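Thanks, everyone. I have one structure to go through today, and I will keep to a single strand and the spaces around it. Please have the sequence and the model open.

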Amino acid sequence: MTSDTLPIRQDRDWQEQLRSAIDSTQQLLALLKLQPRQVSAAPAACADFPLKVPLAFARRMQVGNPRDPLLLQVLARAEELLEHPGYGRDPVGECGAASHGKGIIQKYHGRVLLLVTGACAINCRYCFRRHFPYSDHQNSRGEWREALERVAADPGVEEVILSGGDPLLASDRYLGDLVSQIAAIGHVRRLRIHTRLPVVIPDRVTAGLLEAICNERLQTVVVIHCNHANELDASVDTALQRLARRGITLLNQAVLLAGINDDEQALCDLSERLFRAGVLPYYLHLLDRVQGAAHFEVAEDRAGQLITGVSARLPGYLVPKLVREVAGAAAKTPAAMAKNGG
Ligand SMILES: *Cc1c(COP(=O)(O)O)cnc(C)c1O
Ligand code: SF4
């Protein structure tokens, strides 16, 4: 192995990590030496959306800190059980009009989204996915023909986005097959992959994965999902470097979450830490109003103030776009910046 070759571990490793992910409140709190009442834990909220957090991610949490920003993303708390008017089960309209057949969603001009798998490596409590009927949208390896025929029939589609769930939970063979079928459609120029796996289980980024997703005809973009600087450590840096060395453009999307990253310093730290890892901030999403997640919401005014504060401190390329998902809109909808009062 030469000095610039990064060690590549076996595929088996990440799948084992996935299988042994923490799946109970008790186990997670024991690891962090916390009592359920310190964090208003509510295991009952896991009935329809289980707790799931791989050890590689849990190890980045601070032992003994009930407000840990990583813990609060995955721990089911009592607030989830409260009903709030205006918080529904399909806040972004994916169950209805935007779904164009099995496994394919097109909402915006020029890009289509393929739902590769409904599963994720981690269950984020704020996610709209907690109520989405993903089992209706899973294609097995040979079943992409219909969706890809649609893409092939529409010369306006220049970008195919692999999403889910987390598309990198699919096997290398599955992904390799799918990517070559996409690359065979002449008018598709870009492949985009939305995934949290390089952050959650960095060992997912194996040599086999790189072979599967890098296609010489397509420009590839990987959009990771990271909400707090503490989510990034040396193992994540290594995984991201492997992607970057293959010429993949790396972007991040985050969700603005009360108690987790809703302060100027945390947002600045996140952008700077991402950039050190070779990732540019792309979107900062306002929360989708999904039932059970109301306690994560940050008011739009406050969000505008925060992003105005961040843009006064960082270069423009480190300021994410603050957006909201509006059902039926032609793009992600920008949220207003705060008027500069001084
Ligand atoms: C968010 C989203 C995209 C990507 O939008 P960009 O603004 O290009 O990042 C594409 N399709 C769907 C259905 C989406 O929800
Ligand atoms: S889709 Fe993204 S935010 Fe939702 S549970 Fe999966 S990894 Fe978390």
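I will begin with strand E6, residues 249–255, where six of the seven residues are buried. Keep in mind that this is a predicted model.

Now the neighbours. On one side is strand E5, residues 219–225, which runs parallel to E6 and is joined to E6 by five bridges. To place the register, take Val-221, whose bridge partner in E6 is Thr-249. The connection between these two strands goes through helix H9, residues 234–245, and E5, H9 and E6 together form a right-handed β-α-β unit.

The chain then leaves E6, passes through helix H10, residues 264–276, and arrives at E7 in a β-α-β crossover that is also right-handed. E7 covers residues 280–285, and five bridges link this strand to E6, again in parallel. For the register here, Leu-251 of E6 is opposite Leu-280 of E7.

A general point before the spaces: side chains in a regular strand alternate between the two faces of the sheet. With that in mind, which elements line the pocket, and which line the cavity?

The pocket next. The largest one holds about 940 Å³ of space. Its lining has 40 residues, and those closest to the centre are Phe-128, Ser-163, His-194, Gln-253 and His-285. The elements giving two or more residues to this lining are strands E1 (104–108), E2 (111–117), E3 (159–164) and E4 (190–195), together with E6 and E7. By class, the pocket lining splits into 21 nonpolar, nine polar and ten charged residues.

Then the cavity. How many cavities of 30 Å³ or more does a search of the whole structure find? The search returns one, and the volume of the largest cavity is about 70 Å³. At least two lining residues come from each of E6, H10 and E7. The lining includes Asn-252 and Ala-254, then Leu-267, Leu-270, Ser-271 and Leu-274, then Pro-281, Tyr-282, Tyr-283 and Leu-284, and also Pro-320. In this lining nine residues are nonpolar, two are polar and none is charged.

To put the two side by side: E6 and E7 each give two or more residues to the lining of the largest pocket, and each also supplies at least two to the lining of the largest cavity. Within E6, Gln-253 is among the residues closest to the pocket centre, while Asn-252 and Ala-254 line the cavity.

That is what I have; I will take questions.

Note on methods:
Residues numbered from 1 in each chain as written. Chains lettered and ligands numbered in written order. Predicted model: local features only at pLDDT ≥ 70, side-chain atom pairs only at ≥ 80, totals over all residues. Heavy atoms only, no water. Buried < 20%, exposed > 50% of the residue type's maximum accessible area, 1.4 Å probe, protein only. Helix = DSSP H or I, 4+ residues; strand = E, 2+ residues; numbered from the N terminus. Pairing = 2+ DSSP bridges. Right-handed = clockwise from strand over helix to strand, strands pointing away. 1 Å grid on protein atoms, 1.4 Å probe; cavity = no way out; pocket = protein on both sides within 12 Å on 5 of 7 lines; lining within 4 Å. Points joined across faces, edges and corners; volume = space filled by probe spheres on them. Nonpolar A, V, L, I, M, F, W, Y, C, P; charged D, E, K, R; others polar.
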